[in-house]
Amino acid sequence: MEKEKLSALADNLVNTIQAVVSMTEDSLDERAKDVERVVKAASEPDSGEFLVPLSIERVEAMRKVMEDLEGEDLNEGFLTTVDSWMNKAHQVSDIDATL
């Protein structure tokens, strides 16, 4: 009887963890889409290139996207995604510099 209870508890725990992981992955995917929208707004519409410094139009486009995302969309998950993208970009630039 005790073994059956522990087995049922373990199954319940596994199912709960799987549900939490799935929800977290979905949330991260949404945050990545939000960050992508901001980055796309910074790129030139015709070419997709990034001119530095950004033109006034690109800054305003980014500002508009950020305003659309205000509220719960701009949370820790959003900032974590931005940080992750920045770290990846830095790693790629380090690799390119060594080539």
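1. Val 59 has a relative accessibility of 31% in this predicted model. Partly exposed covers the range between 20% and 50%, so Val 59 falls in that class. The residue belongs to helix α2.

2. Val 59 is also part of a nonpolar surface patch, together with Val 39, Phe 50, Leu 54 and Trp 85. The accessible area of these residues together is about 390 Å².

3. As for the overall fold, the protein chain has 3 helices and 0 strands, in the order α-α-α from the N terminus. Of the 99 residues in the protein chain, 13% are buried.

4. The largest pocket has a volume of about 170 Å³. Helices α1 (2-42), α2 (56-68) and α3 (76-98) each contribute at least two residues to its lining. The lining consists of Val 35, Val 38, Val 39, Ala 42, Met 62, Met 66, Phe 78, Val 82, Trp 85 and Met 86. By class, that makes 10 nonpolar residues, with no polar and no charged ones.

5. Val 39 and Trp 85 deserve a second look: both are listed in the lining of the largest pocket, and both are listed in the nonpolar surface patch.

6. The peptide bond between Val 52 and Pro 53 is cis, with omega at about 0°. Pro 53 sits in the loop between α1 and α2. As background, most peptide bonds are trans.

Technical notes: Residues numbered from 1 in each chain as written. Predicted model: local features only at pLDDT ≥ 70, side-chain atom pairs only at ≥ 80, totals over all residues. Heavy atoms only, no water. 1 Å grid on protein atoms, 1.4 Å probe; cavity = no way out; pocket = protein on both sides within 12 Å on 5 of 7 lines; lining within 4 Å. Points joined across faces, edges and corners; volume = space filled by probe spheres on them. Helix = DSSP H or I, 4+ residues; strand = E, 2+ residues; numbered from the N terminus. Nonpolar A, V, L, I, M, F, W, Y, C, P; charged D, E, K, R; others polar. Patch = residues over 30% accessible without salt bridge, like charges linked within 9 Å, V, L, I, M, F, W, Y side chains within 5 Å. Areas by Shrake-Rupley, 256 points an atom, 1.4 Å probe, with all protein chains shown as cover. Salt bridge = Lys/Arg side-chain N within 4 Å of Asp/Glu carboxyl O. Buried < 20%, exposed > 50% of the residue type's maximum accessible area, 1.4 Å probe, protein only.
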